[in-house]
Amino acid sequence: MLRLDGVSKIYRAGPFGGRELRAVSGVGFEVNAGEVVSLIGESGSGKSTIGRMVLRLASVTEGTITFDGEDVSAIRSPKAYYRQVQGVFQDPFSGFNPIFAADRVFEMIRREYFPRVSRAAWRERVESALAGVRLDPGQVLGRYPHQLSGGQLQRMLIARALLLDIRLLVADEIISMLDASTRVDVLNLLADLRSRGLGVLFVTHDLSLGTYVSDRTVVLRRGRIAEMGPTERVFGDPLHPYTRTLLDSVPRLHVKWAERRDEERAGRTVCPFHDRAPGTPVRGDLAEPEKDHHVACAGPGACPAAEEPEFRQPSAKERV
Amino acid sequence: MSLTVTDLRVHYRTPRGEVRALDGVTFTVADGEIMGLAGESGSGKSTLGTSLVRLDGRMRHVGGTVELDGVPLPVADSAAMDRFRFRAVSVIPQYSMSALNPTRKIGKMVAELLASRGERPDRAELERRLALVGLPPDVLGRYPIELSGGMKQRVVMVVSTLLNPSLLIADEVTSALDVSSQKAVAGMLLGLRDEGLVTSMIMVTHDISLVYQIADTIAVMYAGRLAEKAPADVIVTAPRHPYTRLLISSLPEVGVRQAERRLDGIPGTPPSLLDPPEGCRFRDRCPLAFDRCAERPPFAEVAPGHSVACWKAV
Ligand SMILES: Nc1ncnc2c1ncn2[C@@H]1O[C@H](COP(=O)(O)OP(=O)(O)OP(=O)(O)O)[C@@H](O)[C@H]1O
Ligand SMILES: Nc1ncnc2c1ncn2[C@@H]1O[C@H](COP(=O)(O)OP(=O)(O)OP(=O)(O)O)[C@@H](O)[C@H]1O
Ligand code: SF4
Ligand SMILES: [Mg+2]
Ligand SMILES: [Mg+2]
């Protein structure tokens, strides 16, 4: 359904666009119907940039993003695209215009996509979408954005995206402002929609909830993929040292960080990239030491075989 | 510096009536204490944070008092509060990362902010603090739009603590951060306290397992009131309030998969704060509710430093 191939993004910054910042480099992965793919990685690693490119809010510098085989940068009918693909962003407040009541976002969807649905019927749909994210319509309808709490705004935006009966949801930290119990409710809702075919690109910092719903995980680091594969493989048997660091930093109940030093995961001694068995395929600069589980070279320091400051480029004959 | 909040009641005025966002909140934060504040979304955590600094025109102080080291804070009088803001009490609001002025580079914004308080930026100290949360000094030369969500959040956090407020209220400052940056921010907060730069702290967050790492105590809010406050270990291992118990048990461990084991949230929704029911606010959703719960349970101390508002716990 959604496919990214060698996608890069270079931002031009500075007064005359003279400074270049490579936010995303050669990223490729897919999100299929009925699949939740989580995108994790450190702050500034390019997660939101990828989401914004998929939603056409940022241009793609190199590579292609296709949806059902069609290049999203060259899409003929953006309206038809947004009918199927919607995003909910990290910072819920920016999704609203402060001078209008917050529920105007629902009315705009009706006007844009369902002009023939009567107001009464629409209100019913809105109320059931709100119930799905555990909001009481009486407590949120008619209120201005500043009159709602962070988590209430965040859930209004999720409800808005779901009113459209979309096929792909780009969800950027959509549960960060919710309490644990409400997070679970929202994730169960996504899981139910997934079983009806919804694909989700799920950016999250909450790794325990990330594993709870996602089928596949893509770990980003400095704009590149460090590791990707089935979630239970990536978290169960992390190959890249960065993935291990991430997992070790997850705050746990009952265990304080300070007490965890000695039980740190023993790193693998064999680098799956360089010491792979002969014939193990390499795609781009990712090795595939087991089926569907890809990992990048960890770079100098972590990897004795790496010389270049960034990632080693495999030779042409290594590529498949 | 210690904070004592007694029966604080703050309402929002709306055309449909008053929203009782804080409806009798009582607690203390001791000198040097880091208190985590968790609870249901919409339960009044941010309202509590702002009430200690500034009530805007729509907020009404209905009753109760706030004292810093025994000195009453004039919370209802915004002008009189000026004297206390930033140095005595400082709040990092929940949306502050989207409130950065888009037309100013970060460095310029910091300089202007400090100038408005009659201070000049100490570049070396500023860079030291940026480094503590993993930000390079070049963020000072960038515009907010050129930073990622988590970078903005950390910038705001550094700026708001530059003047070393005695009491810092940090509202969801780690909500957009990956786990390693969370660890850096938590470490910085702890460092500020341990160096004596900030004396006490209230850290509002939904990430209980994170706040557990640095907090001495954790308070849990539900529908405009405190449900429970206790040492962090006690909240996590032996909570007494049914809401706290359900909240803690809905936190999954890494590795639990929906396909194998479906977790459940707490059924039902919290009551409306426009016209909240009498008695215990958790009654409709509480598996232990009984007749007595129609009466409001007192926020009573059940063990030293452990208070609970539940008839089953007293
Ligand atoms: N409009 C922009 N102009 C210039 N640089 C930008 C712009 N937007 C993002 N960047 C830069 O691109 C990089 C990636 O940013 P992005 O927002 O994609 O990160 P992220 O992974 O979502 O991080 P976070 O977890 O902190 O939200 C960052 O270094 C950021 O400073
Ligand atoms: N200006 C306002 N006018 C009316 N009601 C308001 C206003 N601001 C907040 N509220 C309501 O007051 C209640 C408490 O809001 P508050 O922002 O303090 O919640 P919170 O606990 O911080 O929630 P979250 O975890 O989602 O950020 C909510 O039900 C909210 O809808
Ligand atoms: S007072 Fe009653 S309803 Fe409230 S939490 Fe305790 S048992 Fe449940
Ligand atoms: Mg982001
Ligand atoms: Mg809040």
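Select strands E1 (residues 2-13) and E4 (residues 62-67) of chain A: they pair in the antiparallel sense over 5 bridges. Strands here are DSSP runs of type E with at least two residues, helices are H or I runs of at least four, and both are numbered from the N terminus. Two strands count as paired if DSSP finds at least two bridges between them. This is a predicted model, in which local features need pLDDT of at least 70 and side-chain atom pairs count only at pLDDT 80 or more, while totals for chains, interfaces and linings use all residues. Residues are numbered from 1 along each chain as its sequence is written, chains are lettered from A and ligands numbered from 1 in the order written, and side-chain values use heavy atoms, leaving out hydrogens and water.

Now pick A:Ser8. Opposite it, in E4 of chain A, stands A:Glu62.

Widen the selection to the sheet. It is open, with 4 strands of chain A in the order E2-E1-E4-E5 and antiparallel pairing. E2 and strand E5 (70-71) of chain A are at the edges with a single partner strand each, so one side of each has no neighbour in the sheet.

Stay with E2 and move to ligand 1. Strand E2 (19-31) and helix H1 (47-54) of chain A, and helix H5 (149-161) of chain B, each supply at least two residues of the shell around ligand 1. Show the full shell: 20 residues surround the ligand, and the closest include A:Ser43, A:Thr49 and B:Glu146. A residue counts as near if one of its heavy atoms lies within 4 Å. Chains A and B both contribute residues, so the site is shared between chains.

Colour the shell by class. There are 6 nonpolar, 10 polar and 4 charged residues. Nonpolar covers Ala, Val, Leu, Ile, Met, Phe, Trp, Tyr, Cys and Pro; charged covers Asp, Glu, Lys and Arg; the others, Gly among them, are polar.

Next, draw polar contacts (pairs of N or O atoms within 3.5 Å). The side chain of A:Lys47 has an N or O atom 2.7 Å from an oxygen atom of ligand 1. For A:Gly46, a backbone N or O atom lies 2.9 Å from a ligand 1 oxygen atom.

Finish at ligand 5, the magnesium ion. Its protein donors are B:Ser46 (OG) and B:Gln94 (OE1), 2.0 to 2.1 Å away. Donors are N, O and S atoms within 2.8 Å of the metal (3.2 Å for Na, K and Ca); water is not among the atoms, so sites may look incomplete.

Key: A polar contact is a pair of N or O atoms within 3.5 Å; within protein, one must be able to donate a hydrogen and the other to accept it, and residues adjacent in sequence count only if both atoms are side-chain atoms.
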